[in-house]
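Reader: I am new to this structure and would like to learn how its aromatic rings can be read. Could you take me through them step by step?

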Amino acid sequence: LALGIIALPALDLRLGMPDGAAEPTDSTQYAAYTAVEENFGEGMNGPLLVASDLTGGPTEEAAEEQAEEEQLQVAEELYSRDDVTAVAPIGISDDHEMAIFQVVPEGGPSSESTEDLVHTFRDLEPIEGAGPLGVAGMASGNIDISDTLSDALPTYLSVVMGLSLVILLLVFRSIFVPVVATLGFILSYFAALGGVVAVYQWGWLGALFGVENPGPVLNFLPTLLVGILFGLAMDYMLFIGTGMREAYVRGAPARLAVQQGFRAGRAVVTAAAIIMGSVFGGFIFSETMMISSIGFALAFGVLIDAFVVRMLLIPALMHLAGDGAWWLPKWLDRILPDIDVEGSALEERHTHGESTGEPDTAELPEGTTDETAPSRI
């Protein structure tokens, strides 16, 4: 429930590329941004370049006259939008088939109003039959990158989850363990995103983390967070889960195996999580908000996944599930390759050889008998 509450701000996630307004107030980037804003308006920090096709004409003179009329028509249509401060016609192409304009939005490059304006312009067809408008510029480019990464994130996340389920199914030979491990990763991932949105987009606890001007979250942070956090989460799951699996395979009751595996792996997971959290946490107080947000997301996500998900939630669910945690359909067990992560088969072979007093001749060099073989400790 606590992680679910922490993850709620992720529903309001806005992606973008931080601009000068998001930098510390004593930085030169912020000073330049505010100087332009005070003297020319905030929109001059990211003007839009708008291109419109023209219909032309049957003759050179008619095409020129028609182009000027259509240029004025497009300019008036652009300026009629509420979030537009100014429209400056730049010119008409030599063949009178295209006109370009500079549009100054009311908001800054990373503002929500500018993002809506770009999408509105691209759906607009001020000249019938000429097609929709084209929009370019720094602000438009950042919006396009953010939209592309946002659209690709569900697919990327699905691929990661699918691979996680397959790999953990092979390692643990269980249905329950891969499912709860993957769902636990999803929970820690969105909790980390929720923390980033609360601090860097909403400004909660901003003074503590040095966030003076909240803004949209770095557009490639969610994608970066998936890859790194997934790798660390699966590491921690293997440290904890393999000990439980080993104890269960050796004959320990399911609930006792959970306790034994947890005791065997908790020290490694604790040390690893503290080390990685410290490394990532060192970037939180960087003056660059881009680096600071990445460091916060990774540090927060690692600590949540290790101490809350892997060492609290997962063992508790496995303890409640009992023997059901290791259930695997027989038909699936037959077709899955046997990946002996714990090395139990090797141990059983050596133990069997010692108990029968028979040498393991498969491991003796060619031409060596048991009498001439060197003693083995």
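Author: What follows starts with the whole chain and then turns to the ring pairs. Please keep in mind that this is a predicted model.

Reader: What helices and strands are there in the chain?

Author: The chain contains 12 helices and six strands, and of its 377 residues 42% are buried. Among the contacts with a separation of 6 or more, 72% join residues that are 24 or more positions apart.

Reader: How is a pair of aromatic rings described?

Author: One gives the distance of the centres and the angle of the planes. In this structure there are eight aromatic pairs. One of them is formed by Tyr189 and Phe190, which are edge-to-face, with 5.2 Å centre to centre and 75° between the planes.

Reader: Is Tyr189 buried or exposed, and how does Phe190 count?

Author: Buried means under 20% relative accessible area, so Tyr189, at 1%, counts as buried, whereas Phe190, at 33%, counts as partly exposed.

Reader: Which arrangement do Phe296 and Phe300 show?

Author: Phe296 and Phe300 are stacked, with 5.5 Å centre to centre and 20° between the planes. Both residues belong to helix H10 (residues 289-321), where they are four residues apart, about one turn of the helix. Phe296 counts as buried because its relative accessibility is 7%, while Phe300, with a relative accessible area of 25%, is partly exposed.

Reader: Which residues do ring pairs link into a cluster?

Author: The cluster linked by ring pairs consists of Phe185, Tyr189, Phe190 and Phe230, and it thus includes the edge-to-face pair of Tyr189 and Phe190.

Key. Residues numbered from 1 in each chain as written. Predicted model: local features only at pLDDT ≥ 70, side-chain atom pairs only at ≥ 80, totals over all residues. Heavy atoms only, no water. Helix = DSSP H or I, 4+ residues; strand = E, 2+ residues; numbered from the N terminus. Buried < 20%, exposed > 50% of the residue type's maximum accessible area, 1.4 Å probe, protein only. Contact = heavy atoms within 4.5 Å. Phe/Tyr/Trp six-rings, centres within 6.5 Å; stacked < 30°, edge-to-face > 60°.
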